[in-house]
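Biologist: Please take one part of this model, look at it closely, and then say how the rest of the chain is put together around it. A connected account would suit me better than a list.

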Amino acid sequence: MRGKTGMNGCQPLRLYGKKLAILAVLAIFIFPMISPIRAGASPNVNSGQQIHPASLSRSQANSIPSPKSIEPHTSSTFRQQVERNGATDAGTSAFSTSGATSLAGSISPSSIGHPHFYQPHSLGQNGIVAGQTSNMVYNGGPVMTNPTIYAIFWIPAGYSFEPNIGGNDTRYELLILNYFFDVSNTPFYNILTQYYGNNGLQYPSNMTTFGGYVIHTGSFPNNEGSQTNPLLDSDIRTGLTLFIQAHQLTAGLNQEFFVYTPYGVESCFDTAHTECSFPAPRETYCAYHDSFTLPDGTPVIYANMPDVSGLGLHCSVPSSPNGDSIADLEITAAAHEQFESVSDPTGDGWYIPGLPGQGSTEIGDACNGDYGTTNSDGSNIVLNGYGYIIQHIWSNFAGGCAQSFHPNFVTIKLNPADPSGLISSSDYFDVAFSIGRSALDLQYHGLAFNATVDPSSTILVYGNSTKSGPSEEWCFTQSCQNISMMTATDQTIRIQYSYYDMLPVKLSAVSAPSGSTITVNYSTAPGSPSTNASPTSSSMPLVSDRQVWVLRGSSVSTSTTAPASWRFEGWAGTGTGSYSGSGELSAVVNAQITEKATFYPGITIGSVGVSVSYTPTALFPALFQAEPRQQSTSRLRAHSRARHLLLMGGSLRFGLGAGQGRIRARASSPLV
């Protein structure tokens, strides 16, 4: 739920990084010093030291009779798993109080959003009971894309997570940490990948990282923890601020801190005690997630995780697959808050807005209390080979509560075939696909882009960029065809194609006589999309008028033949870089150009002793005039072979000899 994010919006805090020990900084100000056991060290059970959960394997933890009798097993399976994931033990050096005094006076964390509460089932927040049918709505904010989880177990002396029920604190801690490892890269966690941020340009991955944990034995400030004197949200925020600053821990939208408090410890979000873990005037929660900003403006995503079993509320699970009902209940609360934090970390992500005076509904709230069918061992889901009992999560794709999602993970990379043809920063290709049944049309500007796509759906990359037009186009093919593909399920798809910067060359051959041929040679984009830059060399006959798209910076040329009694004269061009002159076209294309072919008819004279007079043309005076500047006519004599003359609409006069008269003709067509 939004407004307050609690186990009805349950979300555990995460404090971890390279310095798991960092968590201990909470002890600096609010929390007294903790002394977790380092790897390889033997705990002194009489000194009150806590056994590090990482020192025990899952099977070993399930059979532990009492913390005081536990010896660490530093080579355990879980210990190795922690190390493989880059986590480290929290050593005593992490709890130095150096600088705590100066930090305390500067802390004034400000709220980003409103907390989202995970509420008891009895308050009517069960999405199934309420007949939830509407899909989640995107509200414009960010999501967590690659979250790192930190867990802080705040358990002062005299408190326990599992008192008087045959359990033990170490197993409780270990089972919760196991969940955070096991949930990553599962069909269950994949549900989150359909909830995008940044208007579709940001997606949660299917992986989450466990950064570390700490067991903090410092006392609660002012003896807080009862209904009359509850632990306050401000205490948690202040402790986290000190912890992060003193240990130079990274905070931000991809780090979440889960703070766990012991059995029977009560808390309130506000100082007026209207929103609490016990029946309160405004809201009652089992857990919540929220965010605030550090003094430097960095956001901190966190969750307050009370020991739900000790609250006396209707937050419950139907079974206990791990033989520990308290830990199993806390795990479903952790999942509730984790999933809601990833999809709505700062209060403007994915949720259904509530009515005035009511909280909003997040992806955990919509399925609060929905566990579906349980297996014979009490589990309803298997994560990484281990059974858990975890509530379902709302899936927009399913249009309801679900335990899995099988999307396709797509990487799109579109490259210019020539680096000089890169689209401008204001240009882009449209990419359309569906995620969570929502149709998205995104703008691809040139960087590699990752997206999550619904199973059995279509991905469409439009064939030309948005700034393509009559004078220039950026396309994948010479015809600018779209790229379309149908996805399957659970695919990892890489879409990588080259696009081409093309310019139009308009060619006209309207004056070409019948029987003539003009072949145009040029380089253009390929006929089908290509993953590598592979321009196509093309040759095509020119008939009448034609426009071809030529790669910027490449050449266009022609080869021409004319029929008998015609002469191909050359090309007349317009536009920057165009060609005008006699002979074949040859030009490097760096802008739109237009070229027109020129042909002229001629006269063939085969009679011996015939003299010809004609009017010279401005285009070819040297061909037909001995002295072009002084003569307006010329005389030629045909000897024993035919002569072919090219005219440009001038007149002809044939002299057939003395007394034989004259023949006149106009050069409008060949004359033999």
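Modeller: Gln-248 comes after helix H6 and has a positive phi, near 50 degrees. The model is a predicted one, and the values below are computed from it. Helix H6 itself covers residues 233-246, which makes 14 residues. From the first C-alpha to the last, H6 reaches 20 Å, close to the 20 Å expected at 1.5 Å a residue. H6 is mostly covered, with eleven of its 14 residues buried. The buried set includes charged and polar residues, namely Asp-233, Asp-235, Arg-237, Thr-238 and Thr-241. It also includes Ile-236, Gly-239, Leu-240, Leu-242, Phe-243 and Ile-244. An α-helix has 3.6 residues a turn, so residues three or four places apart point the same way.

Some totals give the setting. The chain has 672 residues, and buried residues make up 56% of them. Its secondary structure comes to eight helices and 39 strands. Of the contacts between residues at least 6 apart in sequence, 76% join residues at least 24 apart. One C-alpha pair can be given as a distance: Thr-361 and Val-137 are 224 residues apart in sequence and 9.8 Å apart in space. Thr-361 sits in the loop between strand S14 (350-351) and strand S15 (381-383). Thr-361 counts as buried because its relative accessibility is 18%, and the cut-off for buried is under 20%. As for the outside, the chain exposes about 26600 Å², of which carbon and sulfur atoms supply 48%.

Two other helices can be described as a pair. Helix H5 (residues 169-182) packs with helix H7 (residues 325-343) at an angle of about 35 degrees, and their axes are 9 Å apart. The crossing of H5 past H7 is right-handed. On the H5 side, the contact is made by Tyr-172, Leu-175, Ile-176, Tyr-179 and Phe-180. H7 contributes Ile-326, Ala-327, Glu-330, Ile-331, Ala-334, Ala-335, Gln-338 and Phe-339.

Next come the sheets. Strands of a sheet pair through backbone hydrogen bonds, either parallel or antiparallel. One open sheet has four strands in the order S21-S20-S23-S25, with antiparallel pairing. Strand S21 (438-444) and strand S25 (483-486) stand at the edges, each with a single partner strand, so one side of each has no neighbour in the sheet. On average, neighbouring strands of this sheet are turned by 15 degrees against each other, direction ignored. Strand S23 (residues 458-461) is joined to S25 by four bridges and the two run antiparallel. Within that pairing, Val-461 has Ile-483 of S25 as its bridge partner.

Another open sheet of four strands follows the order S28-S27-S30-S33, and its pairing is antiparallel. Its edge strands are S28 and strand S33 (586-588), each pairing on one side only. Neighbouring strands here are turned by 15 degrees against each other on average, direction ignored.

Strand S27 (residues 517-524) has alternating side chains. Ile-518, Val-520, Tyr-522 and Thr-524 point to one face and are buried. Thr-517, Thr-519, Asn-521 and Ser-523 point to the other face and are not buried. In a regular strand the side chains alternate between the two faces of the sheet.

With strand S28 (residues 536-541), S27 pairs in the antiparallel sense over six bridges. In S28, Ser-538 stands opposite Tyr-522, and Thr-536 stands opposite Thr-524. With strand S30 (residues 555-561), S27 again pairs in the antiparallel sense over six bridges. In S30, Thr-560 is the bridge partner of Ile-518, and Thr-558 stands opposite Val-520.

S30 has its own alternation. Val-556, Thr-558 and Thr-560 point to one face and are buried, while Ser-555, Ser-557, Ser-559 and Thr-561 point to the other and are not. The buried Ile-518 of S27 is thus set against a residue of S30, Thr-560, that is itself buried. Val-520, also buried, stands opposite Thr-558, another buried residue of S30. S30 is then joined to S33 by three bridges, in antiparallel fashion, and the partner of Val-556 in S33 is Ala-587.

Methods
Residues numbered from 1 in each chain as written. Predicted model: local features only at pLDDT ≥ 70, side-chain atom pairs only at ≥ 80, totals over all residues. Heavy atoms only, no water. Buried < 20%, exposed > 50% of the residue type's maximum accessible area, 1.4 Å probe, protein only. Pairing = 2+ DSSP bridges. Expected span 1.5 Å × (residues − 1). Axes fitted to C-alpha atoms, helices over the stretch in contact; angles between N-to-C directions. Contact = heavy atoms within 4.5 Å. Areas by Shrake-Rupley, 256 points an atom, 1.4 Å probe, with all protein chains shown as cover. Left-handed = near helix turned anticlockwise from the far one by under 90°.
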